[in-house]
Amino acid sequence: MNEIKIGITGLPGSGKTYTLKRVIEMLGKDITVGGMIDEKITDGRHEIGINVCNLQTGEKVTFAKPGVESKIAVGNLGVDLSLFESISIDAIKTACETCDVIVIDEVGKVEVESQAFVDAVKDALDVDKPMILTLHKKSRNPLLQDIRRRDDVRILEVTPTNRNLLPHKIMRLMNGENI
């Protein structure tokens, strides 16, 4: 497998995490995938929380929910960065050490508030393994700008129109095809 690093970007709700999950499914059982993924929790209409999940262990914690006192918020959800870090940092470090493919979902406005997360992402980018990240589209955060400027990261934008085709394109890139 090619040691390509792919950044999936797009507007909120465009399908970044959906695309990422499809690629993970397509990689199959013979490839070990590790890292972390953010999962929105809804009541059917409204976002009522956000989980961070360790892809290898399945361990997850709700780090953003109503009623959390915090300087950082996503809409009406307060963010507990220490809860986020309790899963995400170890998940990323373990993936760098033991997995075939590293996944980081999402390098976004909330997540980059954690210096430990920023450091873990920077370290992971220097590991010689394939990596897939989802990236906040408009953030001017230095980490996101650095990722976008890197020569070894291919940035792909997901849209409602291409989100069913993009996982196949990513698989071709990971298999070394020039697209």
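A strand here is a DSSP run of E with at least two residues, numbered from the N terminus. By that reading, E106 belongs to strand β7, a spot we'll come back to. Keep in mind throughout that this is a predicted model.

Let's start with the big picture. There are five helices and nine strands in the chain, and from the N terminus on they run β-α-β-β-β-β-β-α-β-α-β-α-β-α. The radius of gyration comes out at 15 Å, close to the 16 Å that the globule rule gives for 179 residues, so the chain is as compact as a globular protein of that length. If you lay a box along the principal axes, the C-alpha atoms fill roughly 50 × 35 × 35 Å. Of the 179 residues, 47% count as buried. The contacts also say something about how the chain folds back on itself: among those with a separation of 6 or more, 64% are between residues 24 or more positions apart.

Now for the sheet. It is an open one of nine strands with mixed pairing, and the order reads β5-β6-β4-β3-β2-β7-β8-β1-β9. At the edges you find β5 (73–74) and β9 (153–157), each with a single partner strand, so one side of each has no neighbour in the sheet. As a reminder, strands of a sheet pair through backbone hydrogen bonds, either parallel or antiparallel. Both senses turn up as we walk along.

Take the antiparallel part to begin with. Strand β3 (residues 47–54) pairs with strand β4 (residues 60–65) in the antiparallel sense over four bridges, and N51 has T62 in β4 as its bridge partner. These two strands make a hairpin with five residues between them, and G58 in the turn has a positive phi of about 80°. Moving on from β4, the next pairing is with strand β6 (residues 77–79), again antiparallel, over two bridges. There, K65 stands opposite G78 in β6.

For a parallel example, look at strand β2 (residues 33–42) and strand β7 (residues 101–107), which are joined by four bridges. One of the matches here puts V33 against V101 in β7. And this is where E106 comes back in: a cis peptide bond joins D105 and E106, with omega at about 15°. Most residues other than glycine have a negative phi, and most peptide bonds are trans. That makes the D105–E106 bond, with its omega of about 15°, worth a look on screen.

Next, the aromatics. How many aromatic pairs does the structure hold? There are two. In one of them, the rings of F63 and F84 have their centres 5.0 Å apart; their planes meet at 55°, so the pair is tilted. This pair links distant parts of the chain, with F63 in strand β4 and F84 in helix α2 (residues 81–98), 21 residues apart. Are these two rings buried or exposed? F63 has a relative accessibility of 2%, so it counts as buried, and F84 is buried too, at 1%. Together with F117, F63 and F84 form one aromatic cluster.

Back towards the N terminus, T9 sits in strand β1 (residues 5–10). Its relative accessible area is 9%; the cut-off for buried is under 20%, so T9 is buried. The T9 side chain reaches the backbone oxygen of L135 at 3.1 Å. Leaving out residues up to four places away in sequence, T9 touches K16, L135, H136, K137, I155, L156, E157 and V158. Some of these contacts lead straight to the sheet edge, since β9 covers 153–157.

Y18 makes a nice contrast. Y18 is found in helix α1 (residues 16–27), and with 37% relative accessibility it counts as partly exposed. Not counting residues up to four places away in sequence, Y18 touches R163 and N164. What lies over the face of Y18? That would be R163, at 5.3 Å from the ring centre. For a sense of distance across the model, the C-alpha atoms of Y18 and R149 are separated by 25 Å, and the two residues are 131 apart along the chain.

Notes
Residues are numbered from 1 along each chain as its sequence is written. This is a predicted model: local features need pLDDT of at least 70, side-chain atom pairs count only at pLDDT 80 or more; totals for chains, interfaces and linings use all residues. Side-chain values use heavy atoms; hydrogens and water are left out. Buried means under 20% relative accessible area, exposed over 50%, partly exposed in between (1.4 Å probe, protein chains only). A polar contact is a pair of N or O atoms within 3.5 Å; within protein, one must be able to donate a hydrogen and the other to accept it, and residues adjacent in sequence count only if both atoms are side-chain atoms. Contact means heavy atoms within 4.5 Å. Two strands pair if DSSP finds at least two bridges between them. Rings of Phe, Tyr and Trp (its six-membered ring) pair if their centres lie within 6.5 Å; planes under 30 degrees apart count as stacked, over 60 as edge-to-face and the rest as tilted. A charge sits over a ring if NZ of Lys or CZ of Arg is within 6 Å of the ring centre and within 35 degrees of the ring normal. The radius of gyration is taken over C-alpha atoms; the globule rule is 2.2 Å times the number of residues to the power 0.38.
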